[in-house]
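Grab a pencil and work through a few short exercises on the structure shown below. Try each task before you read its solution.

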Amino acid sequence: MKRALPVLVLSIAGLVPVWLYEPSLGTTSSEASASTPSASSSAASGSSGTSSTVVKGTTVTTEKGDVQVEVTFAGTKISSVRMLKQPNHPQTTAAVPVLIKETLAAQSADIDTVSGATITSDGYKESLQAAIDSQAESAASSPSPSASTSSSAAAESASKVVSGTAVDTEKGTVQVEVTFEGDTIASVKMLQQPNHPQTTAAVPVLIEETLAAQSADIDTVSGATITSDGYKESLQAAIDAKG
């Protein structure tokens with residue numbers, strides 16, 4: 001039986017007075033790995049030939065605490081973002097999934113500030129932009145491959161965007177759009193989803209699990225079972241349609 005992943009409970013902006021929060025020292029996310037390299041690292045994907053590059057953004061010190069992101073690039077696309085450091089505040093906890101979702105959709109640091117978490121949002125975008133700039137500089141300094149190698153790599157890593165089926169649930173319609181780089185799932189975008197706090201919190205978790213598993217065989221998010229099931233059904237349809 002699959003385990004259930006916890007859902008980040010969205011705080012309601014404005015309900016908690018600002019004076020309740022004292023500036024805190026940044027806390028390191030439990031997702032951060034002690035073995036994560038300090039510089040960008042690359043690992044070739046055996047199935048598609050597209051290299052994945054992991055880059056750390058700068059640590060941005062804010063009055064609420066340190067903010068630092070780690071970005072995984074599939075070729076030139078941002079495939080996932082995770083927090084290495086973030087303030088220990090309810091607003092930050094609620095804002096982070098929104099910021100990550102916006103980043104995957106925009107494929108840049110040009111995203112909206114989350115209401116109620118302006119300081120964290122600004123630190124996130126600064127750290128994210130630093131990671132993007134570092135990746136761009138690294139790509140620019142890499143030696144150009146031979147023409148034949150370039151043609152082969154281009155053919156293998158050609159992007160293909162596939163929409164999954166629209167799945168009607170009792171909470172609302174769920175539909176995903178998947179971008180493939182060769183055989184690799186490079187990104188997932190929601191085309192339709194229920195307008196519920198649980199869904200808003202669950203979607204970034206489902207997308208992150210999809211990118212890690214590279215399939216629809218992922219865990220149901222606790223508190224968002226209906227949305228999770230609809231997401232997986234639409235995702236599998238997209239994978240099947242891609243062929």
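**Exercise 1.** Find out which element Thr227 lies in, whether Thr227 is buried or exposed, and what Thr227 touches.

*Solution.* Start with the element: Thr227 sits in helix α5 (helices are DSSP runs of H or I with at least four residues, strands are E runs of at least two, and both are numbered from the N terminus). Next, the cover: Thr227 has 3% relative accessibility, so it counts as buried (buried means under 20% relative accessible area, exposed over 50%, partly exposed in between, with a 1.4 Å probe and protein chains only). Last, the neighbours: leaving out residues up to four places away in sequence, Thr227 touches Val174, Pro194 and Thr199 (a contact means heavy atoms within 4.5 Å).

A quick word on the ground rules. This is a predicted model, where local features need pLDDT of at least 70 and side-chain atom pairs count only at pLDDT 80 or more, while totals for chains, interfaces and linings use all residues. Residues are numbered from 1 along each chain as its sequence is written, and side-chain values use heavy atoms, with hydrogens and water left out.

**Exercise 2.** How many salt bridges does a search of the whole structure find? Work out which parts each pair ties together.

*Solution.* The search turns up two (a salt bridge is a side-chain nitrogen of Lys or Arg within 4 Å of a carboxyl oxygen of Asp or Glu). Why look for them? Side chains of opposite charge can pair when their charged atoms come close.

Step one: Glu70 and Arg82 pair up at 2.7 Å, N to O. Glu70 belongs to strand β5 (residues 65-74) and Arg82 to strand β6 (residues 77-86), so this pair ties together parts 12 residues apart in sequence. Glu70 is buried at 6% relative accessibility, and Arg82 is buried too, at 18%.

Step two: Asp183 bonds with Lys242 in a salt bridge, their closest N and O atoms 2.9 Å apart. Asp183 is in the loop between β9 (172-181) and β10 (184-192), and Lys242 is in helix α5 (residues 225-242), so parts 59 residues apart in sequence are tied together. Here Asp183 is partly exposed, at 48% relative accessible area, whereas Lys242 is buried at 17%.

**Exercise 3.** Zoom out: what does the secondary structure come to, and what percentage of residues count as buried?

*Solution.* Count the elements, and you get five helices and 10 strands. Then check the cover: 42% of the 243 residues count as buried.
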